[in-house]
Amino acid sequence: MADSRNGDTYVIDVMKFISRTRALYAHWNEHIADIWGSADALAVATHPATNDLRYLKSSALHIWLLGYEFSDTIMVFSSKQIHFLCSKKIATLLEVVKQPAHDELGIDVVMHAKAKGDDGNGPMDAVLRAIRDGKESQVVGHIAREAPEGKLLEKWTERLTNAKFQFQFVDITAGLSDLFAAKDGTEIINVKKAAYLASSVMKNVVVTKLEKVIDEERDVTHSLLMRLTEKAILDPTKAGVKLKPECVDICYPPIFQSGGKFDLKPSAVSNDDLLAYDLGSIIICAVGARYNSYCSNVARTYLIDATNLQSKAYEVLLKAHEAAINAMRRGRKLSSVYQAALSVVEKEAPELVDKLTKSAGTGIGLEFRESGLNINARNDKVLRSQMAFNVSLGFQNMECESKKKKFSLFLADTVIVKDEDPEILTGKCSKLVTDVSYDKEEKPCRKKARRTSGPESYFINKTSLRSYNNNNNNNNHVVSKDELRMRNQHQAELARRKNEETVRRLAGDGSSGSTAKTSTDSVAYKNVNDVPQPRDLMMMIQVDQKKEAVLLPIYGSMVPFHVSNQQDSTRNNYIRIIFSVITLKNQGAIYLKEVTFRCKDSKRSSEVVQAIKTLRRQVNARESERIERGTLVNQEKLQLAGNKFRPLRLSGLWIRPQFSGRKRVPGALEAHANGFRYSTTRPNERVDVLFANVKHAFLQPAEKEMLTTLHFHLHNHIMLGNKKTKDVQFYVEVMDAVQSLGGGGRRSSPSAYDPGEILEEQRERDRKNKINVDFNHFATRVSALEFEQPLRELGFSGVTDKARVFIVPTSSCLVMLTETPVLVVSLSEVEIVNLERVVFGQKYFDMAIVFKDFKKDVLKINAIDTSYLEGIKKWLDAIDIKYYESKANLMWRPILKRITDDPQGFIDDGGWEFLNLERSDSEPEESDQGYEPPDAEDESESEDEDSESESERTKKKKKRTTEEEKCKRRLSIM
């Protein structure tokens with residue numbers, strides 16, 4: 001939250017202090033009676049500085065508001081004032097928040113600085129008088145569980161309890177816990193970075209070290225492994241992570257357990273026993289990392305030559321853990337999350353129910369265990385979006401088949417609650433059975449490719465993704481048998497999980513498929529007297545532009561009709577007006593379907609018809625814009641940075657979609673407290689993009705493109721001019737896309753050695769590099785968002801709309817940002833991918849992306865070159881997306897309709913496995929294997945053999961054709 005820290009120099013992020021103080025007071029006022037104990041004032045004191053690793057609510061409040069924990073400081077919040085009792089140095093530092101708090105919040109920040117060595121009696125009197133606020137009795141909220149430490153806090157507690165004023169004390173721990181539960185954008189990014197560090201250390205340091213120790217059969221103690229892992233967390237470069245070392249820390253000393261001694265409590269420690277890796281051994285590893293004081297956790301269990309009981313128990317635990325994570329949806333109770341895990345164990349292995357841990361984790365954030373957010377069978381608190389949890393589950397004190405020693409199993413992941421599917425932040429470190437099992441008998445050691453644990457996590461290492469592509473840049477596309485076997489096993493596991501997930505989602509989707517549209521009556525004239533009189537005795541059709549009505553002469557009277565009710569009109573001396581079909585409301589009323597007028601003057605009829613059509617277009621355009629604006633989600637207002645805090649700014653940018661108007665002008669993009677503002681020199685050309693509405697943010701530097709781009713894919717639509725859009729793009733052209741190619745002279749035939757040409761190319765390169773640096777600096781400084789960059793090495797060419805474009809993956813999306821319409825596919829929303837027209841000898845194939853929301857149309861990317869096929873398969877497998885192959889294009893609308901209509905029939909038929917055509921291809925066929933022709937044959941025998949061979953080939957060809965037709969019919973029915 002703080003901008004920078006150099007030595008003992010602190011810089012307070014004032015805008016964050018203002019926004020979070022506003023949130024504190026709003027939460028306090030809204031829930032004052034139920035969780036704040038009806039407190040009139042809040043008194044929070046921080047303990048003296050210490051090197052001990054501990055989590056306190058007072059420290060969390062300091063970091064949440066100010067970005068730092070200031071020791072020996074007392075904060076008192078009243079309705080209109082905030083009092084700080086602290087040292088002179090801290091008081092001087094906090095002076096920057098006084099004026100903004102008064103201007104923005106109407107709250108006075110009062111500093112009570114005490115000299116060094118002073119007991120603080122004088123300032124305490126002033127604070128106590130402010131708490132009293134002239135009343136006889138006041139309710140003071142404090143953190144009851146935090147005992148006072150140090151002379152200042154002990155004196156403060158004594159003065160507060162023995163004051164001559166009558167104070168009643170209440171515990172505000174529950175209020176602070178609920179306040180910290182739902183994270184804002186900056187907090188989520190801190191948790192994600194902490195989780196990325198923890199999972200990287202587990203994958204790149206812990207697993208690598210364990211494999212080396214087991215392969216070389218070395219003696220290593222748990223405590224030594226703990227120290228090595230702690231060093232890797234404190235120095236992120238050892239784990240291949242680029243994070244500032246001064247921003248990271250451990251949540252707890254890393255935990256390593258083996259040899260039959262297991263403790264699944266968070267307070268467990270690594271002892272000095274040697275790591276056990278003999279047959280049937282279990283190794284439990286847990287790593288917790290912090291970034292900017294925000295915590296994360298990951299724990300894995302590794303099986304060494306596992307017994308049948310151990311393998312079965314781990315598979316059940318894995319299913320229960322995934323069920324608990326999938327149950328973490330907004331609006332559900334925490335008790336339902338634990339019940340989801342318990343139900344899996346009761347169904348799969350009832351004998352293990354008593355071995356299951358009584359808790360499935362806790363909330364996580366500034367504290368490793370946030371109070372009040374325990375995931376157990378008794379906690380009925382409701383989940384909210386943007387909550388962070390450490391979902392941990394295990395079996396403890398289980399006995400091996402030989403009953404000579406006991407073992408435990410444990411899994412933990414950091415998870416963010418979303419509006420839809422939860423997001424697993426530590427999924428980079430795989431927990432699949434095939435990836436945590438180690439067979440010592442296999443030589444050399446199995447160093448398997450670590451995959452993510454579920455389709456919710458897409459924090460894929462850029463280097464590993466590029467290695468997939470680099471291995472396939474050659475034209476041979478040779479895939480080893482072991483690699484193909486492992487991929488097939490992983491895809492089979494994904495198919496099972498995907499089918500179960502689809503059935504759960506369809507069973508819980510009770511929303512109706514369509515919503516009825518409401519129509520309103522358009523009234524041109526409210527009163528008969530408002531109808532204009534005919535212009536002359538000759539009654540003629542009139543068009544009233546102001547009232548948006550057409551007046552028709554019917555039986556000697558001018559009858560008005562609103563132009564929106566007219567469906568069509570034609571000419572050629574006849575004016576025919578067809579009215580829209582409406583629902584009969586009044587049974588006695590007369591409704592007009594159509595009316596036709598004959599006109600002697602064809603020019604007059606053309607003018608009337610043209611006027612009607614022009615007016616109707618204007619009305620329809622206005623109504624369409626009104627309807628679109630009516631469907632928009634209300635968003636908070638943009639909080640401007642103000643004159644004192646200069647916002648980040650990028651100038652000379654163009655926007656897509658562009659504003660209406662023929663002549664475009666460039667504008668500037670500014671980053672404010674809670675969002676961006678883009679504006680041009682024209683007053684009506686302005687658009688705000690809030691951080692909370694940004695689903696994905698992309699930075700695409702100009703490499704082989706002509707543009708450097710910032711692109712925002714939004715959660716909810718916004719209006720850009722009179723257009724509704726979910727994608728907003730800001731870009732700069734790094735060079736002219738069109739150059740002169742004629743006209744004679746030296747410019748028409750440039751030479752590679754022309755000094756002018758060389759200087760021009762150098763200027764273009766310098767301009768491109770400067771623009772890329774400016775964009776990158778802007779994206780880096782915006783701490784509230786994390787910008788993804790496309791990985792060009794994994795890109796492929798295809799047709800998404802009309803033209804061939806280059807499509808590239810990012811860490812969480814598949815994008816094409818250079819042409820319109822842009823393409824942004826969130827990988828967490830993808831159900832499966834079907835690769836179509838995959839036939840030997842075919843030059844191109846298609847990709848069909850099926851979304852989890854079956855109401856969305858299937859996205860087709862056509863005409864992908866076959867040379868990309870193997871690379872795309874490896875990429876999809878690496879990010880845990882199940883893919884299938886088919887020889888023909890499928891009709892997806894009837895397939896999805898049948899699935900939504902009959903989800904149980906869908907799973908009874910094998911789920912998505914109807915797309916697996918390899919099962920049909922693998923059926924036994926007649927074969928001529930083993931046939932060896934004799935060395936010498938006469939001519940007649942040879943002719944008979946040829947005819948017989950040709951007959952056999954014809955039968956086989958007919959059989960294959962029949963099977964393909966059956967398969968196509970089955971797919972068309974689906």
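**Strands, cores and aromatic pairs in a predicted model**

His112 lies in strand 6, which covers residues 108-114. The model described here is predicted. With a relative accessible area of 11%, His112 is buried, because the cut-off for burial is under 20%. Setting aside residues up to four places away in sequence, His112 touches His83, Phe84, Leu85, Cys86, Pro123, Ala126 and Val127.

Strand 6 pairs with strand 5 in the parallel sense, over seven bridges. Within this pairing, His83 has Val110 of strand 6 as its bridge partner. Strand 5 spans residues 81-87 and is mostly covered. Five of its seven residues are buried. Strand 5 also pairs with strand 4, here in the antiparallel sense and over four bridges. Met75 stands opposite Phe84 of strand 5. Strands 4 and 5 form a hairpin, and three residues lie between them.

Strand 4 leads to an aromatic pair. Phe77 and Tyr25 form an edge-to-face pair, with 6.4 Å centre to centre and 70° between the planes. Tyr25 belongs to helix 1 (residues 14-30) and Phe77 to strand 4 (residues 74-77), so the pair ties together parts that are 52 residues apart in sequence. Both partners are shielded. Tyr25 counts as buried at 9% relative accessibility. Phe77 is buried as well, with a relative accessible area of 2%.

A second pair joins Trp64 and Phe180. Their ring centres are 5.5 Å apart and their planes stand at 55°, so this pair is tilted. The pair links distant parts of the chain, with Trp64 in helix 2 (residues 57-66) and Phe180 in helix 7 (residues 173-181), 116 residues apart. Trp64 is buried, at a relative accessible area of 5%. Phe180 also counts as buried, at 4% relative accessibility. The count of aromatic pairs in the model comes to 16.

Helix 2, the home of Trp64, is largely enclosed by the rest of the structure, because 10 of its 10 residues are buried. Its buried residues include Lys57, Ser58, Ser59 and His62. Ala60, Leu61, Ile63 and Leu65 are also among them. Just after helix 2, Gly67 takes a positive phi of about 90°.

The largest nonpolar core has 140 residues. Phe77, Phe389 and Phe395 have the most contacts inside this core. Helix 8 (residues 185-216) gives the most to the core, with 15 residues. Phe389 has a long list of neighbours outside the four places on either side in sequence; among them are Met328, Leu334, Ile364, Leu373, Ile375 and Leu383. Phe389 also touches Thr362, Gly363, Asp413, Thr414, Val415 and Val417. Apart from this core lies another, of 33 residues, with Ala671, Val732, Ala779 and Leu785 among them.

Farther along the chain is an open sheet. Eight strands form this sheet, in the order 27-26-25-24-30-29-28-31, and their pairing is mixed. Strand 27 (686-690) and strand 31 (787-788) are the edge strands, and each pairs on one side only. Inside the sheet, strand 29 (residues 707-720) and strand 30 (residues 723-733) run antiparallel and are joined by 10 bridges. Leu707 stands opposite Glu733 of strand 30.

Helix 17 (residues 755-781) lies across several strands, including strand 25 (667-671), strand 26 (675-679) and strand 28 (694-700). Strands 29, 30 and 31 are also crossed by helix 17. The helix runs at about 110° to strand 24 (648-656).

Aromatic residues gather in this part of the chain too. One aromatic cluster is formed by Phe659, Phe676, Tyr678, Phe691, Phe712, Phe730, Phe778 and Phe787. Charged side chains also meet rings. The charged end of Arg664 sits over the ring of Trp654, at 4.5 Å from its centre. Likewise, the charged end of Lys856 sits over the ring of Phe851, at 4.1 Å from its centre.

Notes
Residues are numbered from 1 along each chain as its sequence is written. This is a predicted model: local features need pLDDT of at least 70, side-chain atom pairs count only at pLDDT 80 or more; totals for chains, interfaces and linings use all residues. Side-chain values use heavy atoms; hydrogens and water are left out. A nonpolar core is a set of buried Ala, Val, Leu, Ile, Met, Phe, Trp, Tyr and Cys residues joined through side-chain atoms within 4.5 Å. Buried means under 20% relative accessible area, exposed over 50%, partly exposed in between (1.4 Å probe, protein chains only). Helices (H or I, at least four residues) and strands (E, at least two) are DSSP runs, numbered from the N terminus. Contact means heavy atoms within 4.5 Å. Rings of Phe, Tyr and Trp (its six-membered ring) pair if their centres lie within 6.5 Å; planes under 30 degrees apart count as stacked, over 60 as edge-to-face and the rest as tilted. A charge sits over a ring if NZ of Lys or CZ of Arg is within 6 Å of the ring centre and within 35 degrees of the ring normal. Two strands pair if DSSP finds at least two bridges between them. Axes are lines fitted to C-alpha atoms, for helices over the stretch in contact, and angles run from 0 to 180 degrees between N-to-C directions.
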